[in-house]
Amino acid sequence: MFYLLIFSGCHREREITKEDNGLPELSLSLEEDRVVAGNPVGYQAVLSWSDGRAERVFADFSSDLEGTLRTEGETLTPTIAGDQQVTATVLYGESTFSDTKLLHVHAADPTSLDLRLNAAQTQAGNPLTLSVSAQDRYGNPVLTDATTFSVSDPAVVVVSPGVTATIPGVYTLTATLNSISDSESFRVVSGDAVDVELTLSDTDLELYETAVAETRVWDAYDNLIDVQPELTVSGGQHEIVGDAITFEEEGWYTVTATVDGVDDTVGPFLIDSTG
């Protein structure tokens, strides 16, 4: 003889025997087929006999995504997002009965947000690539389409998936989704040289006198670049020490300043013994 605790509307205990109309079948129904992770779902598990008798019972639950599911009364609570095959299992005597239903589990509201940049520094006008990911309290990925961005300076332009600025400086980018936010700082430096200006302190010089070279270099966004151009002199004998050029021979001279293939020249000008 086998015994099973079964539940009717008044939840009374009843003795069931194997000989009493044979073994039952288990039928599972869920109150909802879609649920947010962490929210309980009501269920009905019913044992039915061939004579038309049916009794509601409590069941144990498992799923193909998260194994054993937490249950309380006639509710089950999934926590992993995805399409779960939820199986109810009931032990009747020495026999086990089961039934399976599909349950669509969606991620809960985000509890963490992660903003990332592909580098901590970039040149003016060169965008950094940004990425955003979010998770709920159970580690399920959350859609980030509704993420908004704010910047510490109007010089920064955000066009997802990139962020850029044309003025050198240190900036902060903040991503916000619902009430969750994350920030990253990045540095913008001057870009490559596109223009060089060379001036000499004097070109009306006598033999063995010295001129001091002054140079300025700009990038494509008119930012000054902190770089020392290479100075070269064509003409007679000379000596270059730092930015000072001493002319040691009479003749016509040309001075050139060069940075990354961009140059400017002064000259030709004459150096002689009488000035």
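Buried here means under 20% relative accessible area. The model on screen is predicted, and this tour goes through two of its sheets and then some of its aromatic side chains.

**Stop 1: the four-stranded sheet**

Select β12, β19, β18 and β15. Taken in that order, these four strands make up an open sheet with mixed pairing. Look at the two ends: β12 (121-123) and β15 (148-151) are the edge strands, and because each has a single partner strand, one side of each has no neighbour in the sheet. From one strand to the next, the twist averages 30°.

Now keep β12 and add residues 180-189, which are strand β19. The two run in the parallel sense and are paired over three bridges. To find the register, show Q121 and look across to β19, where R187 stands opposite.

**Stop 2: the three-stranded sheet**

Move on to β22, β25 and β26. They form an open sheet in the order β22-β25-β26, with antiparallel pairing. Which strands stand at the edges? They are β22 (230-234) and β26 (262-271); each has a single partner strand, so one of its sides is left without a neighbour in the sheet. The twist here averages 20° from one strand to the next.

Select β22 together with residues 251-259, strand β25: this antiparallel pair is held over five bridges. Within the pair, V233 of β22 faces V255 of β25.

**Stop 3: aromatic rings**

The structure contains five aromatic pairs. Begin with Y43 and F61. Their ring centres are 4.5 Å apart and their planes meet at 65°; angles over 60 degrees count as edge-to-face, so this pair belongs in that class. Y43 lies in strand β3 (residues 41-48) and F61 in strand β5 (residues 60-63), so the pair links distant parts of the chain, 18 residues apart. Y43 and F61 are both buried.

Next, show F247 and Y253. This aromatic pair is also edge-to-face, with 4.8 Å from centre to centre and 70° between the planes. Are F247 and Y253 buried or exposed? Both F247 and Y253 are buried. Add F269 to the selection: ring pairs join F247, Y253 and F269 into a cluster.

**Stop 4: a charge over a ring**

Finish at W49 and R53. The charged end of R53 sits over the W49 ring, 4.1 Å from the ring centre.

Methods: Residues are numbered from 1 along each chain as its sequence is written. This is a predicted model: local features need pLDDT of at least 70, side-chain atom pairs count only at pLDDT 80 or more; totals for chains, interfaces and linings use all residues. Side-chain values use heavy atoms; hydrogens and water are left out. Two strands pair if DSSP finds at least two bridges between them. Axes are lines fitted to C-alpha atoms, for helices over the stretch in contact, and angles run from 0 to 180 degrees between N-to-C directions. Rings of Phe, Tyr and Trp (its six-membered ring) pair if their centres lie within 6.5 Å; planes under 30 degrees apart count as stacked, over 60 as edge-to-face and the rest as tilted. Buried means under 20% relative accessible area, exposed over 50%, partly exposed in between (1.4 Å probe, protein chains only). A charge sits over a ring if NZ of Lys or CZ of Arg is within 6 Å of the ring centre and within 35 degrees of the ring normal.
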